[in-house]
Protein chains: 2
Amino acid sequence: MSKHKIRNMEQFAALSGLSRPTVSKYFNDPDSVRPTTRRRIEEALERYEFRPNIYAINQNRRLTKNIGIVVPYLADPVFAEHARSIETLCAEAGFRPILLSSHGGSEQESENLDSLRSLKPAGVLMAPLGRASDRSAIERFCRDVPTVLFDSNIEGMGEAFVGSDNVSFVNQTVDYLCRSGEPPCFFEMRTPANPNANKRRTAYIEAMARHGEDPVVVAVEGDGWGFEEIGRQGAHSAIAAGDFTTNTILCSNDRLAIGVLAACYERGLRVGRGPGCALRVASHDDHPFSRFTCPALTTAAHDYAAVASHSVEKLFELIENGGKSGQRTETLFPANLVVRASA
Amino acid sequence: MSKHKIRNMEQFAALSGLSRPTVSKYFNDPDSVRPTTRRRIEEALERYEFRPNIYAINQNRRLTKNIGIVVPYLADPVFAEHARSIETLCAEAGFRPILLSSHGGSEQESENLDSLRSLKPAGVLMAPLGRASDRSAIERFCRDVPTVLFDSNIEGMGEAFVGSDNVSFVNQTVDYLCRSGEPPCFFEMRTPANPNANKRRTAYIEAMARHGEDPVVVAVEGDGWGFEEIGRQGAHSAIAAGDFTTNTILCSNDRLAIGVLAACYERGLRVGRGPGCALRVASHDDHPFSRFTCPALTTAAHDYAAVASHSVEKLFELIENGGKSGQRTETLFPANLVVRASA
DNA sequence: TCTAGAACTTTACGCGCGTAAAATTTTTCT
DNA sequence: AGAAAAATTTTACGCGCGTAAAGTTCTAGA
């Protein structure tokens, strides 16, 4: 039980009867030493409790075992969920995930990139803010650090993009809504921060055309990341103004839909597809709480796990190939319609 | 525009016509050099873009400018909110916040502590898992690193605790509910992970005694961090079994309440205090989405900002005093009742 | 048993910066 | 103006480890 305090690798190597470079090699790759040597080190490790100094390790090394994860807004459960999956996958692969939130601001996003750059990460997984992002800052960063974008695409940035297929999302909801009732009106923010929103609107218009219906887009004002409140107020005024020409609302994303549901409740409008319901509300994302709204939200679900694992795999490939892929790839995962009570 | 690439401080010092130690001093505290010197450095900084190597900086330094932030579950918006405030405050004070989530598991929590230890942080702000935490691991950690606990208290651990006054939370909701209608039944998890839950139950029983009412505690089974689903299923069976002896339910926290609201909706029970309502539901925390539930949730609100700023201040004090406070303090902030439509 | 090749040890250097001590310059005060 | 105080420079060392090169020991295969 003499958990002696070890100061450095030199000392630890001496205590385990090996040379420091051998021990160093072990810590960089346990399989690179002979099995008997490995056992000796690991036994000593149990007796003496030693961890190499992180700063010394990384100082004299081109690229570290760090992987940066940047999300636009961590208090959004969708990104919290993404971050959790990605973090776990990186850690399992022996990397050191470093999670940074841009808190919804481009200055913070750029700061995060600067901060990451000085950590010399092996790679970075980034979900950019979107419209608000400082493109040139991201471009400069991607030149220096192998980067995979996820969730929101920015054309040409990074070595790969992994996200969800917005067309698939919208097609599934529109098809379902059209065949089960009145065609949907589309509800969104006028100036969405996220590029996915634009793709969803376009996809909606095309899907409606395919069904031979006239598209109705209701765009509400609002800035920032308080989507629920924007949705709530927007729904109030849109309903009051009679902007919804059918009894079915398709929201650009779940957080807006949560606001819409709140507004409907406040106005005494029953939402759902049963008798006595005034409105149907559907949406996209499968926000972690969308199962618990009243009524539970019908939505097109992200394949969170697929996006996380594929973007991580892409990054690992990149890292193994020295950071350059030559060919920028875009991978989109289709949605999975989750029919609940709201539509 | 010749944004020359600077390799190290030596080079940068030469270019700005100063000695390296002076520049080093500047980076450790810009006010420690003469104003004219400072200007010279900052002008050079604009021309040459140089940032000291983080690893080299920290290697030969007792304690760094890092501040660890550990939360039990980052996908819980309550903790996301806490983390966001604290992160911002630390960054503003010139520290480098490092955010880690324990993902609801004690192994991960201990790993986070190990990981932090090797980063030699100036201090750590930690919201422990609670019951699941490895007490001895935390105790060992607190011996080495100045630590302030927040949100969940663990007796005797860390140099200070900053949280919310659960008695105040419960008193306000119970008082309000008793004077505005039938006395509340208390709804909670049987084996809550979080120590606050126990305090809330106790406070409920005492508050009911003060009002001369019999307490009714409905405890439901369930493990993990899926509180909404636990609340939903628990509410279904409790309602079916007639466990609630009054028309008023006081939930231990908002996430459970969100589940209860979902169950009520599914059973066609109208929640609220108006005519035609079968149940009143109230809760504690002021979860970021509790404003958007249907109906909007009446709840006792955390003073997130106060907890964040005070725990950060406590930690800064600690750091300035060399990590030891001598006297462990506990600071509790009272709740602020937010009356909405649900009760 | 011999030998190629892998694994290891020894030796040596460098990374970029913190930091201490002594010498020097600049500022501030009398 | 002179002296004390403060800021800066010079010099020098160390942090803990990565890593390369050269020599040595071990392992595996014939």
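A salt bridge, as the term is used here, is a side-chain nitrogen of Lys or Arg lying within 4 Å of a carboxyl oxygen of Asp or Glu. The structure shown above is a predicted model, and a search of the whole of it finds 35 such salt bridges over all chains. One of them is formed by the side chains of A:Arg200 and A:Asp285, whose nitrogen and oxygen are 3.0 Å apart. This pair links distant parts of the chain, for A:Arg200 belongs to helix H9 (residues 195-210) of chain A and A:Asp285 to strand E9 (residues 280-285) of chain A, with the two positions 85 residues apart. A:Arg200 is buried, having a relative accessible area of 4%, and A:Asp285, at 11% relative accessibility, counts as buried too.

Other salt bridges run between the protein chains. The side chain of A:Arg291 meets that of B:Glu229 in a salt bridge of 3.9 Å from N to O; because B:Glu229 lies in helix H10 (residues 227-241) of chain B, while A:Arg291 lies in the loop of chain A between E9 and strand E10 (298-301), this pair joins two chains. A:Arg291 also forms a salt bridge with B:Glu266, where the closest N and O atoms are 3.3 Å apart, and since B:Glu266 sits in helix H11 (residues 254-266) of chain B, this pair likewise joins two chains. The three residues are partly exposed: B:Glu229 has a relative accessible area of 23%, A:Arg291 has a relative accessibility of 24%, and B:Glu266 has one of 39%. Salt bridges that share partners also join A:Glu229, A:Arg232, A:Glu266 and B:Arg291 into one network.

The reader may now turn to the DNA, beginning with strand C. Of the 23 residues around DNA strand C, those that come nearest are A:Thr22, A:Arg34, A:Thr37, B:Met9 and B:Ser24, and both protein chains are therefore represented among them. Of the atoms of this strand within 4 Å of the protein, 65% belong to sugar or phosphate, and the rest belong to bases. Phosphate oxygens of DNA strand C are approached by A:Thr37, with a polar side-chain atom at 2.4 Å, and by B:Ser24, with a polar side-chain atom at 2.4 Å. A base nitrogen of the strand lies 3.2 Å from a polar side-chain atom of A:Gln59. The surface near DNA strand C draws at least two residues from each of H2 of chain A, H2 of chain B and helix H4 (54-59) of chain B, and its residues divide into eight nonpolar, eleven polar and four charged.

DNA strand D also has 23 residues around it, of which A:Met9, A:Ser24, B:Thr22, B:Arg34 and B:Thr37 come nearest. Sugar and phosphate account for 67% of the atoms of this strand that come within 4 Å of the protein. Arginines reach several parts of DNA strand D: an N or O atom in the side chain of A:Arg20 is 3.0 Å from a base oxygen, an N or O atom in the side chain of A:Arg34 is 3.3 Å from a sugar or linking oxygen, and a backbone N or O atom of B:Arg34 lies 2.7 Å from a phosphate oxygen. Helix H2 (20-28) and helix H4 (54-59) of chain A, together with helix H2 (20-28) of chain B, each supply at least two residues of the surface near this strand. By class, that surface has eight nonpolar, eleven polar and four charged residues.

How values were computed. Residues are numbered from 1 along each chain as its sequence is written. Chains are lettered from A and ligands numbered from 1 in the order in which they are written. This is a predicted model: local features need pLDDT of at least 70, side-chain atom pairs count only at pLDDT 80 or more; totals for chains, interfaces and linings use all residues. Side-chain values use heavy atoms; hydrogens and water are left out. A polar contact is a pair of N or O atoms within 3.5 Å; within protein, one must be able to donate a hydrogen and the other to accept it, and residues adjacent in sequence count only if both atoms are side-chain atoms. Helices (H or I, at least four residues) and strands (E, at least two) are DSSP runs, numbered from the N terminus. Ala, Val, Leu, Ile, Met, Phe, Trp, Tyr, Cys and Pro count as nonpolar, Asp, Glu, Lys and Arg as charged, and the others, Gly among them, as polar. Buried means under 20% relative accessible area, exposed over 50%, partly exposed in between (1.4 Å probe, protein chains only).
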